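Visitor: I would like to go through this structure with you step by step, from the overall chain down to single residues. Could we have it in view before we begin?

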Amino acid sequence: MCMVLNQITTLSLAVALFLIGTFLVKRIGWLNRFCIPAPVVGGLIFAILATVLKSFDILDITLDTSLQSIFMITFFTTIGLGASFKLVKLGGKLLVIYWLACGFLAFMQNVIGVSLAKVMDIHPLIGVMAGAVSMEGGHGAAAAYGETIEGLGIPSAISIGMAAATCGLIAGALVGGPVVQYLIRKFNLKPSSEETEEYVEKAQHEITEKSFMVQVFLITFCMAVGTYVGEWFSTMTGFVLPGYVGAMFVAVIVRNILDRFNPNLINMKEINLIGDISLGIFLSMALMSIKLWEVADLALPLFVIILAQVIFIVLFAVIVLFRLLGKNYDAAIMVSGFLGHGLGATPNAMANMSAVVSKFGPSRKAFLVVPIVGAFLIDVFGMPIIITTINLFK
């Protein structure tokens, strides 16, 4: 039996799963203690249920997740509108450090993937698909590079990459909270007083219908202009710029222009509310649409490689990156983002950070650095590393 859920029904289900996840996180101690994002909990519950129903030939559920991209773009736009240059000046070099760390991670993920593939006597290109392609690259890169690698004689490359990306996405969502919670408690970390004061000041504005609609207009305006910016950039350079990156950059420009001429126009309490809702729905959709049965069919070597990837990134993030970023509260939040997109995708990173800051306090530096690097700059290192590795072992 097959059940096809239309766009609106899928949206309703995503909201329901978000609420279920929120309820469970509040009621189940260890979920709250380890800062596991609510949409991850709700989405995985549905993904597991859908897998069981399909495995026993009871019900095959098809979802229409076409609204995912709108909520994703909305969320990143709200991040851009919160990016005041006054905060960027507090630690601009952190972006460079974080960016270089992401490049090193891409290199090591390919080294780990290819090395373990050789040890287990499987084709090195399978190790590449379980390396930076699916870990830092996520599902999009797995599909794109998988087609190329299938053309080189690995017929299962796309399915291997998608399955590895799925495992990485889940792992990134599950380890981010616990690792950062450990760092925060061990080093007794707290948000900086400057950020806390600005956050509180902005959050104290009253929510009104007029003000809320102004924020909606600013967000949709940035999204619209960002779409054209992305198309123009792609046409001029031949490099595909994700739609949410264009919207986020436009939002940063709009925020800082308004800071100069009318700083009271932006109400961060309303912006953050819209952003949190958008992220929750998007992530619920992303997790609930994961096809776990594709992961179950994978061979043991793939799981060994992924496990090694998880262990490496956690050790690197805690022992090296945390200290390079300053060994403070902002560094800890950025580590949670690093674990999120280093194993899955940028929205995963944002969910990790949102879960932590909702419990411990704000970190504007992290919410500026992580999405800029994870969504766009990371490809400057990632693409050459992946392409070079593929050509070495083709």
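Visitor: Of the contacts in the protein chain with a separation of 6 or more, what percentage is accounted for by residues 24 or more positions apart?

Guide: Please keep in mind that this is a predicted model. The protein chain contains 18 helices and 2 strands. Among its contacts with a separation of 6 or more, the share that comes from residues 24 or more positions apart is 82%.

Visitor: What percentage of the residues in the protein chain is buried?

Guide: The protein chain exposes about 17400 Å², and carbon and sulfur atoms supply 68% of that area. Of the 394 residues in the protein chain, the buried ones make up 54%.

Visitor: Which helix gives the largest share of the largest nonpolar core?

Guide: The largest nonpolar core has 122 residues, and those with the most contacts inside it are Leu81, Tyr98, Phe338 and Met350. A second, separate core of 5 residues includes Leu31, Ile36, Ala38 and Val41. In the core of 122 residues, the largest share, 13 residues, is contributed by residues 157-186, that is, by helix H9.

Visitor: At roughly what angle do the axes of helix H6 and helix H16 cross?

Guide: Two packed helices are described by the distance between their axes and by the angle between them. For helix H6 (residues 93-119) and helix H16 (residues 329-343), the axes come within 12 Å, and the crossing is right-handed. The angle at which these axes cross is roughly 35 degrees.

Visitor: How many residues of the contact of H6 with H16 are nonpolar?

Guide: H6 takes part through Leu94, Tyr98, Ala101, Cys102, Leu105 and Gln109, while H16 brings Met334, Gly337, Phe338, His341 and Gly342. Tyr98 and Phe338 are also among the residues with the most contacts inside the largest nonpolar core. The contact residues include no charged ones and 4 polar ones, and the number that are nonpolar is 7.

Visitor: Is phenylalanine 221 buried or partly exposed?

Guide: Phenylalanine 221 lies in helix H11 (residues 209-237), and its C-alpha atom is separated by 9.7 Å from that of valine 254, 33 residues apart along the chain. Because buried means under 20% relative accessible area and exposed means over 50%, the relative accessibility of phenylalanine 221, 39%, makes this residue partly exposed.

Visitor: And is serine 278 buried or exposed?

Guide: Serine 278 belongs to helix H13 (residues 268-288), and it touches Phe71, Thr74 and Phe75, leaving aside residues up to four places away in sequence. Since its relative accessibility is 5%, serine 278 counts as buried.

Conventions. Residues are numbered from 1 along each chain as its sequence is written. This is a predicted model: local features need pLDDT of at least 70, side-chain atom pairs count only at pLDDT 80 or more; totals for chains, interfaces and linings use all residues. Side-chain values use heavy atoms; hydrogens and water are left out. Axes are lines fitted to C-alpha atoms, for helices over the stretch in contact, and angles run from 0 to 180 degrees between N-to-C directions. Helices (H or I, at least four residues) and strands (E, at least two) are DSSP runs, numbered from the N terminus. A crossing is left-handed if the near helix is turned anticlockwise from the far one by less than a right angle, and right-handed if clockwise. Contact means heavy atoms within 4.5 Å. Ala, Val, Leu, Ile, Met, Phe, Trp, Tyr, Cys and Pro count as nonpolar, Asp, Glu, Lys and Arg as charged, and the others, Gly among them, as polar. Buried means under 20% relative accessible area, exposed over 50%, partly exposed in between (1.4 Å probe, protein chains only). A nonpolar core is a set of buried Ala, Val, Leu, Ile, Met, Phe, Trp, Tyr and Cys residues joined through side-chain atoms within 4.5 Å. Accessible areas come from the Shrake-Rupley method with a 1.4 Å probe; for residues, only the protein chains shown count as cover.
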